[in-house]
Each structure stands twice: as C-alpha cells, then as structure tokens.
Amino acid sequence: MKTIAKTLDVARSNLVERTDKMRRERAAYRKPDDSRLFPMIRELVEDRPTYGYRRIAALLNRQFVAVGEPRVNHKRVYRIMRLHNLLLERHTGRKTGRAHDGVVQTLRSNTRWCSDGFEIACWNGETVRVAFMLDTCDREAISWTATTAGISGEMIRDMMLSLS
C-alpha cells in the first residue's frame, strides 16, 4: 500500500478510504432450498422443543437418508433456526437465584424435624439398617430404630408417634 501511495503521489489514508468505500456489505446468505427446509425444521422443533440445532440436524438427516436425499450441514440448520428464532437459550453455566446451601434451621426446638437412614455392612455378612429423626433446631436425635431386616413403614410411624 505504501509503494502504491508513493507512486501515485497520494496519501495512504486516501487510498484506505477509497478501498473501504469499494467494499460492499454482505447480504444475508440464503439458499433457495431453505424455504423447503424451514417447515421440516419447525415441525421437528415443535415435537422436540428441548433439542438444539445439532440434534435437529441429525433428525433431519435421518429423514433425508431414508428417502435418498443428500444430507444437510448442521451449520445451515443453525442459520435457519437462528433466522426464525428457534434456537435454545445459550447455557452460560451461571445459576440463577440463590443456591440452597444444605442448612435447614429453625428458631426454636420441636417445630421441624428431619429423618434419614443408613446401612452398616457387618463382617458376618448381615446388614444393620438404622433410621433416625433429628430436631432441626438443636440437631438432637429424637428417636431412632435399628434392624437387620428391612425398615418398614410401621417402624417409621412408631418413631414419629414417639414425638407426641
């Protein structure tokens, strides 16, 4: 560019401006076959609203292969879906709202309880199963039951009745 500007005896900025004016804006790229693909894509998206453009392209290509037509590039499906606002919302990896931190607390005792259970495998091959209830205020174990058989609903009900 410098050599050309020096030869023509003009400023380089003048040449840059002229070359920028010569460049045309690109029009939106459309293939004539897009109008045939759009209804097929829309039908697939309506049936499967959680599918992204790659899955939709795969389903579309299965249909085309079944009837012996050439496959469609996934980038073309993306362009058509973007043009008609059919794309899924981008996943940013950010969570919305407050994440639960796993702490359940109450201000006073005997207002809220939680329960859980666990198993202990013994050396003799038996399994001891334990169910328990905790007060969420002071984390005190209110009641528990243990058995080598399965824990039944009756055992849990008896444990809950021990609260009253």
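**Exercise 1. Arg79**

State which residues Arg79 touches, not counting residues up to four places away in sequence, and say whether Arg79 is buried or exposed.

Solution. Step 1: outside that window, Arg79 touches Tyr29, Arg30 and Asp34, where contact means heavy atoms within 4.5 Å. The model is predicted: local features need pLDDT of at least 70, side-chain atom pairs count only at pLDDT 80 or more, and totals for chains, interfaces and linings use all residues. Residues are numbered from 1 along each chain as its sequence is written, and side-chain values use heavy atoms, with hydrogens and water left out.

Step 2: Arg79 is found in helix H5. Helices (H or I, at least four residues) and strands (E, at least two) are DSSP runs, numbered from the N terminus.

Step 3: the relative accessible area of Arg79 is 15%. Buried means under 20%, exposed over 50% and partly exposed in between, with a 1.4 Å probe and protein chains only. Arg79 is therefore buried.

**Exercise 2. Helix H4**

Compare the reach of H4 with its expected span, then list its buried residues and the helices they pack against.

Solution. Step 1: H4 covers residues 53-67, which is 15 residues. The expected span is 1.5 Å times one less than the number of residues. From first C-alpha to last, H4 reaches 21 Å, close to the 21 Å expected.

Step 2: Ile56, Ala57, Leu59, Leu60, Asn61 and Phe64 are the buried residues of H4. An α-helix has 3.6 residues a turn, so residues three or four places apart point the same way.

Step 3: these buried residues pack against helix H3 (34-47) and helix H5 (74-83).

Step 4: after H4 comes Gly68, with a positive phi near 85°.

**Exercise 3. Positive phi outside glycine**

Locate Asp9, Asn85 and Arg139, and give the phi of each residue.

Solution. Step 1: most residues other than glycine have a negative phi, and most peptide bonds are trans.

Step 2: Asp9 lies in the loop between helix H1 (2-8) and helix H2 (12-22). Its phi is positive, about 60°, and at 70% relative accessibility Asp9 counts as exposed.

Step 3: Asn85 is in the loop between H5 and E1. Asn85 has a positive phi of about 55° and is exposed, with a relative accessible area of 70%.

Step 4: Arg139 belongs to the hairpin of E2 and E3, which has 5 residues between the strands, and takes a positive phi near 60°. Strands E2 (127-135) and E3 (141-147) pair in the antiparallel sense over 6 bridges; pairing requires that DSSP finds at least two bridges between the strands. Ala131 has Thr145 in E3 as its bridge partner.

**Exercise 4. The whole chain**

Give the order of elements in the protein chain and compare its radius of gyration with that of a compact globule.

Solution. Step 1: the protein chain has 6 helices and 3 strands, running α-α-α-α-α-β-β-β-α from the N terminus.

Step 2: the radius of gyration is taken over C-alpha atoms, and the globule rule is 2.2 Å times the number of residues to the power 0.38. A compact globule of 164 residues would come near 15 Å, but the protein chain has 34 Å.

Step 3: along the principal axes, the C-alpha atoms fill a box of roughly 100 × 50 × 35 Å. Buried residues make up 19% of the 164 residues.
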